[in-house]
Amino acid sequence: MISKLFTFIFWVTIAIACNGKNSAPAKSASMSQVIFSPAGVDISVLVEVAISQKDHQRGLMYRQSLETNHGMLFIFKDEAIRSFWMKNTYIPLDMIFINSQLQVVGVIHNAKPLSLSSRSVDTPAKYVVEVNAGYAKHFGITRGTSVRFDLNSTTSTSH
């Protein structure tokens, strides 16, 4: 309970400090949560859920900013080596790869915007979470971090 209260207070403080610096998603989408637990502390990220191939291809392209505690959760049908690029993506991102056992299997830190370089980790993943660059390092999210989802709605994003 105290951990959740601390997390809530932390994010309210961040939101006040940012004072609207970052914009919301281009269009309204259903939001869910990904909860990372590095060192037993819950860190929550509000995510848009990308399920369809069309959603996967679009991802966070064309966005000018991303709120501090927001991101995108890519859900795939199977576990495989996943590759991402930053074509038409203006925001530097961390990419967090998660296996079907809900463990982080790798992190790509600070992916350079507008790059066609393919980025992947050497371990199969069923899920990938994209967040602002520096997020994973700041919160200690590394290989082996436990993950859980609170998927209020798993409908595809519509941009």
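**View 1. A39 is exposed, at a relative accessible area of 83%.** Exposed here means over 50% relative accessible area, buried means under 20%, and partly exposed is what falls in between (1.4 Å probe, protein chains only). You'll find A39 in the loop between β1 and β2. Its phi is near 55°, a positive value in a residue other than glycine. Before you go on: this is a predicted model, in which local features need pLDDT of at least 70 and side-chain atom pairs count only at pLDDT 80 or more, while totals for chains, interfaces and linings use all residues. Residues are numbered from 1 along each chain as its sequence is written, and side-chain values use heavy atoms, with hydrogens and water left out.

**View 2. The whole chain carries three helices and nine strands.** Both kinds of element are DSSP runs numbered from the N terminus, with helices (H or I) of at least four residues and strands (E) of at least two. Going along the sequence, the order is α-β-β-α-β-β-β-β-β-β-α-β. Of the 159 residues, 44% are buried. Take the contacts (heavy atoms within 4.5 Å) with a separation of 6 or more: 71% of them join residues 24 or more positions apart. The accessible surface of the chain is about 8,400 Å², with 57% of that belonging to carbon and sulfur atoms; the areas come from the Shrake-Rupley method with a 1.4 Å probe, and for residues only the protein chains shown count as cover.

**View 3. The largest nonpolar core has 20 residues, and F36, I96, I98, V104, V129 and I141 touch the most other members.** Two or more residues each come from β1 (31–37), β2 (43–50), β3 (70–80), β5 (93–98), β6 (104–111), β8 (125–132) and α3 (135–139). β2 chips in the largest share, four residues. A nonpolar core, by the rule used here, is a set of buried Ala, Val, Leu, Ile, Met, Phe, Trp, Tyr and Cys residues joined through side-chain atoms within 4.5 Å. In soluble globular proteins, nonpolar side chains tend to be buried together. Zoom in on V129: leaving out residues up to four places away in sequence, V129 touches V34, F36, V47, M72, L73, D94, M95, I96 and I98. Apart from this core lies another one, of 18 residues, including F74, L93, A111 and A125.

**View 4. V147, in strand β9 (residues 146–150), is the centre of this close-up.** V147 is buried, with a relative accessible area of 7%. Not counting residues up to four places away in sequence, V147 touches V34, I35, F36, I98, L102 and V104. Look at L102 in that list: its C-alpha is 5.1 Å from that of V147, though the two residues are 45 apart along the chain.

**View 5. E130, in strand β8, is a charged residue worth a look.** Charges are counted simply: Lys and Arg as positive, Asp and Glu as negative, with His and the chain ends not counted. E130 is buried yet has no salt bridge, and the nearest side chain of opposite charge, R63, is 8.8 Å away. What does E130 touch, not counting residues up to four places away in sequence? Its contacts are L60, H70, G71, M72, F74, F84, L93, D94 and M95.

**View 6. The count of salt bridges comes to four, and three of the pairs are described here.** A salt bridge needs a side-chain nitrogen of Lys or Arg within 4 Å of a carboxyl oxygen of Asp or Glu. R148 pairs with D42, with the closest N and O atoms 2.9 Å apart. R148 lies in strand β9 and D42 in the loop between β1 and β2, so the pair ties together parts 106 residues apart in sequence. R148 itself is partly exposed, at 38% relative accessible area. R63 meets E48 in a salt bridge at 3.0 Å, N to O. That pair links distant parts of the chain, with R63 in the loop between α2 (53–58) and β3 and E48 in strand β2, 15 residues apart. R63 is buried at 5% relative accessibility, and E48 is buried at 1%. D122 and R143 form a salt bridge too, at 3.2 Å between the closest N and O atoms. This pair connects the loop between β7 and β8, home to D122, with the loop between α3 and β9, home to R143, 21 residues along. Both D122 and R143 are exposed.

**View 7. Y62, Y90 and L114 make a nonpolar surface patch of about 290 Å².** Patches are built from residues with over 30% relative accessible area and no salt bridge, joining nonpolar side chains (Val, Leu, Ile, Met, Phe, Trp, Tyr) within 5 Å and like charges within 9 Å. L114 is in the loop between β6 and β7 (119–120). L114 is not a glycine, but its phi is positive, about 60°.
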